[in-house]
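Subject: Handing over the two-chain model

Hi,

Here is the structure I promised to pass on. Please have a look at it before reading my notes below.

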Amino acid sequence: MNKNKEQLLNKRYKAEQRFRLYGLSAIFMALLFLTIFIFKIFSTGYSAFQKTWLIVPVTFDAELMMLDQNPSKEDLQDADYYDIALKSMADLDPNANEDQENELKRMVSYFFEKEIKNELLNDPNLIGKTKEVYLTASDDLDQVFKGNYPRDLPEDQRRVSDYQLKIFDQLVANGKVESKFNISFFTNADSREAELAGIASSFMGSIFSILVCLMIAFPVAVLAAIYLEEFAPKNRFTDFIEVNINNLAAVPSIVFGLLGLGVLLAIFHLPRSTPLVGGITLSLMTLPTIIIAARASLKAVPPSIREAALAMGASRMQTTMHHTVPLSMPGTLSGTIIGLAQALGETAPLILIGMVAFVNTIPGSPMDPAASLPVQIYIWAESAERGFVEKVSACIMVLLGFLIIMNLFAQIIRHKFEKKWS
Amino acid sequence: MIKIKAKDVDVFYGKKQALFNISLDIEENQVTALIGPSGCGKSTFLRCLNRMNDVIDICSVKGEILINDFNINDKSCDVVRLREKIGMVFQKPNPFPKTLYENVSYGPTIHGMAQSKQEMDEIVETSLKKAALWEEVKDRLHEPGTGLSGGQQQRLCIARAISVRPEVILMDEPCSALDPIATAQIEELIDELKKEHTIIIVTHSMAQAARVSQNTGFFHLGQLIEHGSTDKIFKNPDNKKTQDYITGRFG
């Protein structure tokens, strides 16, 4: 009898140990996946925050630029920089033939003419002199310099020719290639050229979309939640509404995209590809999330507080506005931020309402065409150039950083403003 | 003088009847205790007196309850005005998670009882003094009310209730969550308050009923079995059930 009891006890301890082991291994698995994921993204993406520059001597020859003596500012603006830009690149190899000169030109971004022009506009005294100018390297050479480019491929399978590599290696040997922090990744809009592409447009697009989404979804959802929780009679009709709000939260986001396309664009003719339409579409998606969070936190306010207020002679409205709603705000707000974070990462509905368009301007208002961060990731991931691979990861890093900050904010609100009641 | 007159009050929760034909007169400026075993309907009856049962969707109240000869179950009765006249203290101390000052000033604020900050300060001070809490908290009026001890919280709730000068104070087992010392303080307080207010107290403790009340009503299974002066109920009850309950044979 006693022995049986002992065995049973041992068995119970063993079972508990096994259970702990399962739990630990589940957590270990989750952490492993997370680590692999983060490692992959960071190892691919970190190089996008560096940009490769070629340092090329440029002679600002007034004749080649078709400038008179003592040119005014306007003259400098209108001057022809293409020839000196071409010449500077061609001069890298005095023996180059015409084809090779073309190849030399393609070692820098097509933006190099502007870069030379800006140099002169900053310092008009450079006319007639020679200065070493920093020019953005082409995306392929950028990748070569970062060691991401397979140099051992046969030449006809590479976008960089042997000749370009030879000149580039000479420049590297002379210390004429430099890597600097990639500011333009944050200040430029999207571009077809990987070396010039940046996230400014999509970042602003995301911000505007989220703001529009917040301004629509938050008040509507909070009012709906307050009404349903505090005022609505409990009957079949309100039950039906409740079920449907929960259903709405489970609707795939692409359906909301179709709704935005069919209603906002087709019927109301709102401007296509704009954060305004994107924000409205996302707000439909966020609405049920906020309603559910707000109702849950209203429900969590102890009934004794409501009774106390009512017994003091407060009307229902006063009870709600003075006591219940303020007490439920921390939960509502953190639910809202989580809803917005979801919306921030949403891609499918935005693609449907046209925020997937190539936008190379930075939006100044929600009415301007823009991309958004997740859509930008999608666009770049589709691009063929090798230079975009690191950009995809870098953009994911920015998006993740954004999300982490928002969730952190939600946590802080929850902990800081949560009131304790007895 | 009779302050509250209940006539044939029936209460239903959905289809279930919780109170049957309750008729009870409550004397002004006296303490009336409602006693009885759990679930006998004494709290339900108490909540009829300031229409707190309105909050419960499925609850319906029939019959007449006359306060100052005015039927509060009448359609013309405004619950906000009614509850200004009838204060309530609950079983569990439920101060608002705000400062002590805000707790006490809430009622006067919503009912517009103070014209200036000074007047409000006075109301808060007198209410806290009447609730025998002033000396303990006068230096921390702007700290949260939830930081007080249980007994202090309950006295804060009493201060909150009397801040609007109600004619009647309903107390629903106000000491059940408190220790004996805090209970004694509240009982003393009740004795003091009855000079200006009519008090109805629901209690599980017969000793408490005997100590604080002048009149007692005994409820059992939704019926008012017996009511009368506390002395009579405790010493010489008419009904066998009352006798059994008082002497602890059931309940």
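The notes that follow cover conventions, helix packing, the chain contact and one loop residue.

This is a predicted model, in which local features need pLDDT of at least 70 and side-chain atom pairs count only at pLDDT 80 or more, while totals for chains, interfaces and linings use all residues. Residues are numbered from 1 along each chain as its sequence is written, and chains are lettered from A and ligands numbered from 1 in the order in which they are written.

**Helices of chain A**

Helices (H or I, at least four residues) and strands (E, at least two) are DSSP runs, numbered from the N terminus. The 44 residues of H1(A) should span 64 Å at 1.5 Å a residue, and the end C-alpha atoms are indeed 64 Å apart; the expected span is 1.5 Å times one less than the number of residues. H1(A) is hardly covered, with a count of zero buried residues (buried means 20 or more other C-beta atoms within 10 Å of a residue's own, exposed 12 or fewer, and partly exposed in between, with C-beta atoms placed from the backbone).

H1 (residues 2–45) and H17 (residues 387–417) of chain A pack at about 125°, their axes 7 Å apart. That makes H1(A) oblique to H17(A). Axes are lines fitted to C-alpha atoms, for helices over the stretch in contact, and angles run from 0 to 180 degrees between N-to-C directions; under 35 degrees counts as roughly parallel, over 145 as roughly antiparallel, 65 to 115 as roughly perpendicular and the rest as oblique. Their contact (C-beta atoms, placed from the backbone, within 7 Å) includes A:Ile41 and A:Phe42 of H1(A), and A:Val389 and A:Met397 of H17(A). The residues of this contact divide into six nonpolar, three polar and one charged. Here Ala, Val, Leu, Ile, Met, Phe, Trp, Tyr, Cys and Pro count as nonpolar, Asp, Glu, Lys and Arg as charged, and the others, Gly among them, as polar.

H17(A) also packs with H16 (residues 373–382) of chain A, at an angle of about 165° and with the axes 9 Å apart. That makes H16(A) roughly antiparallel to H17(A). Among the residues that meet are A:Ile377 and A:Trp380 in H16(A), and A:Val392 and A:Leu399 in H17(A). By class, this contact has 11 nonpolar, one polar and one charged residues.

**Where the chains meet**

Chain A gives 19 residues to the contact and chain B gives 22. On the side of chain A, H13 (303–311) and H14 (316–344) each supply at least two residues, and the largest share, six residues, comes from H13(A). That side has nine nonpolar, six polar and four charged residues.

**Chain B**

H3 (residues 100–110) and H4 (residues 117–130) of chain B have axes that come within 9 Å and cross at roughly 110°. H3(B) and H4(B) are therefore roughly perpendicular to each other. B:Tyr101 and B:Val104 are among the residues of H3(B) that meet H4(B), where B:Met120 and B:Leu128 are included. This contact has seven nonpolar, two polar and no charged residues.

Lastly, B:Ser213 is in the loop between H8 (206–212) and S9 (215–220) of chain B. B:Ser213 counts as buried because it has 25 C-beta neighbours inside 10 Å. Leaving aside neighbours within four places in sequence, B:Ser213 is in contact with B:Val31, B:Thr32, B:Ala33, B:Ile201 and B:Thr230.

Best wishes

Methods:
Two residues are in contact if their C-beta atoms, placed from the backbone, lie within 7 Å.
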